[in-house]
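I opened this notebook to record what I looked up in the structure, starting with the chain as a whole and then turning to the cysteines and the ligand.

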Amino acid sequence: MTKDFKYAVDADGVATITWDVPDKSMNVMSRDGFAQFDSMVDDALADDAVKGIIVTSAKKDFAGGMDLNVLSTIRAEAGDNPAQGLFDFTMSGHHILRKLERAGMDAKTNKGGKPVAWASPGTSAGIGTEIGLACHRRFVADNPKAKVGLPEILLGIFPGAGGTTRLIRMLGLMAASPLLLEGKMLPPTKSKAAGVIDEVVPADELLARAKEWVLNATNADILKPWDAKGYKFPGGAPYHPAGFMMFVGASAMVHGKTQGVYPAAKAMLSAIYEGALVPFDTALKIEARWFTKVLMNPSSSAMIRSLFINKTALEKGAVRPDVEDQSVKKVGILGAGMMGAGIAYVSAMAGIEVVLMDREQAAADKGKAHVEGILQGGIKRKKTTPEKAAVVLGRVLATTDYAALKGCDLIVEAVFEDVGVKAEVTKLAEAHLGSGAIFATNTSTLPISELAKASRNDENFIGIHFFSPVDRMALVEIIKGEKTGDKAVAKSLDFVRQIRKTPIVVNDARFFYANRCIIPYINEGLTMVREGVNPSVIENAAKQLGFPLGPLQLNDETSIDLGVKIAKATKEAMGDTYNDSADEVLFKLFDEGRLGRKSLSGFYNYNEKGKRTGLWEGLETNWPHADDQPDFTDVKHRLAMVQTLEAVRALEEGVLEDIREGDVGAILGWGFMPWSGGPFSWLDILGAAKAVEICDHLAETCGERFAAPALLREMAEKGESFYGRFGPEASAAA
Ligand code: NAD
């Protein structure tokens, strides 16, 4: 067994429990680790020579949280009663942290306990913070990069090691809400202001300050408010008039934000509400019950699998070819427009030297000014300092001179979406590059293998498809052309790692992966408008599925003219097989000059500040609402299934090679129902048989585009799931 924790007692009788998981840059809690921690707490409490305890970390941070793979192991070990296994495990965690919190004090007098200080050198998330909350005083080093918090909700669970029950009793519902319900991580000073931690101290004094406190703490200092007589719930418990208002409001707010599709938020609120009515130890048991319930919900397993386990695996190179390190040192970006400037920003932020090129100096300068604008925003929000921003901006050379590309090991081309223009710049750039340089195009619609023809070496030619706005979107789609070699793939993946985004690697086919799925989603919305479905029903159905934007709003954001351009090009390429069911609506808006948010008019009306003020009345004039509105579930199924089936077809056709990429890419790329874990996870939650049933019904009522792909039908017949069939290692959390 590796030693995740170290234990030492100094001459003054202060025991230090130091977390330092071997071979990891960040501590994560394993089962063994928790057992070691438990026995060290026992040792310290049992040893009369020990006067108090410091819990700290030997790393630059305290902890990243729980190793979430543990949950699936426990579930599997518990055999036919996984809920019992998960509940028992959760309760054992409560016992350990409660023991630490009570620290040997007498149950009646609350006296005689040993002071426990938490000394965190940096970031602490999840169980790391929950350990801190169980300690008596929390010290965090004055480390501006550090963040303290409980981000579990973002993974579809909630803090289940007492963090929920403790924080709510420390801060009350109102103050704890952003931390618990939104998973906000705060820097040390803000964390102190919020009341989560007690002291922010210089890093080199961290342990000394904690020790000083431990040696001087009194019985009163180490008694938690909820263990003292007369404890009152801050802001009022549920039956207190003020508390009542808050709990009712919180419930409505959570439902409004989650649309009821995220089980964790609702379960956490129930744990808080019910826990607030009973003594602390009973509240912990209630928290454990709700936590178990959430863990038993397939949505939480799917979210953990996609948003934590597989996202991390892809970022760490799960699909990277075995080629030596290809980190980028100097990148040339062709085209300093919206995308090029964004790519320049993320590259310069990653410490990469950037040559930002355009046809005219003014355009190149405009691109650099955009980079500066994002940096200025960062300074305003205190994300960076003027000095650091100046260093980042200094890495960007704005030019029209191709010779400046000399020495670039990667080119990202982001000029106009035109084969001729792209071919021309490819040739001009390659004349100045070394033979090993990789050439990537950011095209959204043009086949990579076609564009590669302009290159002197199609093995070194690849697609790196960013999403807009580049600085905010986490996904990057890497597209292999027919001849693209391993080195180009490795280079692209290393670049994406450097700029701290999440990659998926797909093969070359129309619209690659993400746009292939998004376009049918938008088109389905437009088709329903044409059929006379009330547009607010369409938009609300999407929202209730958990999509960030309904299809009509999404079309306004991406712009109607872009939609028209894509529709025309697709029709030309597909001929008779082209489905034009959305075109009437799309072209009508285009003809009316309603181009979307950028023209302050589209499916929605906008005020002069660009704020949506309601759906455009012309929708109803042009396409009157049908008397017979469809079943709401059918509307939801149409919107979700039309894109999910594209994902399945992409897999069938080999565009997608890995369902993990299909799921992670869908959530990060276009916000596909995050609660579901992605399209393949959603089909697994539904079950292939049920999915086929939905497809059959929609194919009959709405058209052939809903016909179940052969793969799905076969899986239904065999009783298979996607993760069972395609992703043994990826199914760890299932
Ligand atoms: P844009 O029009 O904002 O920028 C294109 C830039 O390329 C302009 O500054 C233009 O002056 C420059 N340019 C044109 N011809 C050039 C030449 N011969 N030499 C040097 N510079 C030249 O366009 P954009 O939205 O940034 O898109 C660029 C590329 O990225 C396109 O291929 C587009 O399909 C793709 N893309 C766009 C998005 C998006 O949401 N806008 C998303 C993903 C990919």
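The entries below follow that order, and the model they describe is a predicted one.

Entry, domains. I looked up the domain assignment, which divides the chain into domain 1 (5-296), domain 2 (330-508) and domain 3 (515-728). I then took the centres of domain 1 and domain 3 over C-alpha atoms and found them separated by 42 Å.

Entry, cysteines. I searched the whole structure for disulfides, and the search returned 0. For C702 I checked the closest cysteine sulfur, which belongs to C695 and lies 11 Å from the sulfur of C702, too far for a bond. I also noted that C702 has a relative accessible area of 19% and is therefore buried, while C408, at 4% relative accessibility, counts as buried too.

Entry, ligand shell. I found 21 residues surrounding the ligand, with M339, D358, E417, K422 and S444 listed as the closest. By character, the shell divides into 10 nonpolar, 7 polar and 4 charged residues. I noted that α12 (338-349), α15 (419-430) and β17 (461-466) each supply at least two residues of this shell, and that α15 gives the largest share, 3 residues.

Entry, ligand contacts. Which distances separate oxygen atoms of the ligand from polar atoms of D358, R359 and G337? I read 2.6 Å to an N or O atom in the side chain of D358, 3.2 Å to a polar side-chain atom of R359, and 3.4 Å to a polar backbone atom of G337. On its own the ligand has 830 Å² of accessible area, of which the protein covers 78%.

How values were computed:
Residues are numbered from 1 along each chain as its sequence is written. This is a predicted model: local features need pLDDT of at least 70, side-chain atom pairs count only at pLDDT 80 or more; totals for chains, interfaces and linings use all residues. Side-chain values use heavy atoms; hydrogens and water are left out. Domain bounds come from an automatic or database domain assignment. A disulfide is a pair of cysteine sulfur atoms within 2.5 Å. Buried means under 20% relative accessible area, exposed over 50%, partly exposed in between (1.4 Å probe, protein chains only). A residue is near a molecule or strand if one of its heavy atoms lies within 4 Å of it. A polar contact is a pair of N or O atoms within 3.5 Å; within protein, one must be able to donate a hydrogen and the other to accept it, and residues adjacent in sequence count only if both atoms are side-chain atoms. Accessible areas come from the Shrake-Rupley method with a 1.4 Å probe; for residues, only the protein chains shown count as cover. Helices (H or I, at least four residues) and strands (E, at least two) are DSSP runs, numbered from the N terminus. Ala, Val, Leu, Ile, Met, Phe, Trp, Tyr, Cys and Pro count as nonpolar, Asp, Glu, Lys and Arg as charged, and the others, Gly among them, as polar.
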